[in-house]
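Open the model in your viewer and get ready to click along. This tour suggests what to select at each stop and says what you will find there.

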Amino acid sequence: MRIETTDEVIPATEIAAEIKAGPDGAVCVFDGIVRDNSRGRKTLHLDYEAYREMALEQMRALAGEAVVKFGVRDVAVVHRLGRLFVGETSVLVVVASAHRGAAFDACRWLIDTLKKTVPIWKKEQFVDGAVWADGEAFPSEIRLQGSSEVEVRSADGSGEEGGRASPPPRAKALVGDPGSHDAHTAESMYGAPGSVGGGASEDASISESRYGGPGSGRSDGSEAGE
Amino acid sequence: MRVCVLYFGVLKDLVGHSRSEMDLAEGASVAELLEAHRGLAKGREPLWNSIAVAVNQEYARSGDLLKDGDEVALLPPVSGGSAGLGRYAD
């Protein structure tokens, strides 16, 4: 399995070619590229940053899970970091399998899950400012708020060792519903009524509209351009 | 005890640095570390309520207990991949 974060151009064609092996009947490629706009604002470039060690570990875990979950033979997941320009590949997911159904399903699941759980962020630089893209909502098992587990765990007093003994929460989130969740639904991202607003007010990938607000100093500063 | 706190994405911009050392009472929990960031959370509840925390690079829960030397990362919702939220894409 080729699982990487890189600061270099992702050799998409090469990766898709080298994964092929005799037993494969299908190779499914998702090539995520930088779009030239974000809802009407012209994108100059995107700056990706990651919690690198954790991102790599999460990507490895997802890849391994995809193999088990969908029965595919091999998986490659490569994410680029740093500054990317329009048309460049930011993320590449390749799945090799005996049959196309599993390859498609695994590929879709991998990119959708990556976008919710792998600690990578991007800042969108427009002609007239820069904003951190709003992320996908964390699955409830990962997000701290709204978890019924919170009170229970803090009350059990099990000490240091017990503190982190629970299985990785992500594992629970990922099992069970291949394909049933659509990563592209943001309506309920932050849960609280009114926190997002109705569809009419949407500018969901623009952080300033929700996190900033008047007088929030540094975030406004970034609007001036960096 | 002392832990290292890492900030990413919009949180890094808000606090003005990417890492800091923080002294906490022995046996403090993730929730107590977050409580120490009350000032950061104020007025930004939608963001604050959507974050995740990793301890030593694994997603953690509020009740998890910290120990000296832990690396605690505050993570806003992630936005890797290519496009933003796809429902706006063509």
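The stops below go from whole chains to single residues. Keep in mind throughout that this is a predicted model.

**Stop 1: chain A**

Select chain A and colour it by secondary structure. You should find 8 helices and 9 strands. The chain has 226 residues, and 49% of them are buried. Its accessible surface is about 10200 Å², with carbon and sulfur atoms contributing 53%. Among contacts in chain A with a separation of 6 or more, 76% join residues 24 or more positions apart.

**Stop 2: chain B**

Now switch to chain B, where 4 helices and 5 strands are waiting. Follow the chain along its sequence and the elements come in the order β-α-β-α-α-α-β-β-β. Turn the C-alpha trace around: along its principal axes it spans about 50 × 25 × 25 Å. Chain B has 90 residues, and 61% of them count as buried. Its accessible surface is about 3400 Å², and 46% of that belongs to carbon and sulfur atoms. Of the contacts in chain B with a separation of 6 or more, 56% are between residues 24 or more positions apart.

If you like to colour by charge, chain B carries 9 positive and 13 negative charges, and the mean positions of the two groups lie 6 Å apart.

**Stop 3: the largest nonpolar core**

Which residues touch the most other members of the largest nonpolar core? Select Y51(A), L11(B), L33(B), L34(B), L66(B), L74(B) and L75(B) to see them, out of 40 residues in this core. Next, highlight the chain B elements that each supply at least two residues: β1 (2–7), α1 (9–15), α2 (30–35), α3 (38–41), α4 (45–48), β3 (52–55) and β5 (71–75). Of the contributors, β1(B) gives the most, with 5 residues. In soluble globular proteins, nonpolar side chains tend to be buried together.

Zoom in on L74(B) and show what surrounds it. Beyond its neighbours within four places in sequence, L74(B) contacts V5(B), L6(B), Y7(B), F8(B), L11(B), L33(B), L34(B), H37(B), W48(B), A52(B) and V53(B). Apart from this core there is another one of 31 residues, including I3(A), C28(A), L46(A) and V75(A).

**Stop 4: rings across the chains**

Show the aromatic side chains next. Over all chains, the structure holds 4 aromatic pairs. One of them is formed by Y51(A) and F8(B), a tilted pair with 4.8 Å from centre to centre and 35° between the planes. This pair crosses between chains: Y51(A) sits in the loop between β4 (41–50) and α2 (52–70) of chain A, while F8(B) is in the loop between β1 and α1 of chain B.

Are these two residues buried or exposed? Both Y51(A) and F8(B) are buried. Add W121(A) to your selection, and you have a cluster of Y51(A), W121(A) and F8(B) linked by ring pairs.

**Stop 5: R19(B)**

For the last stop, select R19(B), which is in strand β2 (residues 19–23) of chain B. Why does R19(B) count as partly exposed? Its relative accessible area is 49%, so R19(B) falls between the 20% limit for buried and the 50% limit for exposed. Leaving out residues up to four places away in sequence, R19(B) touches C4(B), V5(B), L6(B) and Y7(B). Finally, draw a C-alpha to C-alpha distance from R19(B) to G43(B): they are 22 Å apart in space and 24 residues apart in sequence.

Terms used: Residues numbered from 1 in each chain as written. Chains lettered and ligands numbered in written order. Predicted model: local features only at pLDDT ≥ 70, side-chain atom pairs only at ≥ 80, totals over all residues. Heavy atoms only, no water. Core = buried A, V, L, I, M, F, W, Y, C linked by side-chain atoms within 4.5 Å. Buried < 20%, exposed > 50% of the residue type's maximum accessible area, 1.4 Å probe, protein only. Contact = heavy atoms within 4.5 Å. Areas by Shrake-Rupley, 256 points an atom, 1.4 Å probe, with all protein chains shown as cover. Lys, Arg positive; Asp, Glu negative; His and termini not counted. Charge placed at Lys NZ, Arg CZ, Asp CG, Glu CD. Phe/Tyr/Trp six-rings, centres within 6.5 Å; stacked < 30°, edge-to-face > 60°.
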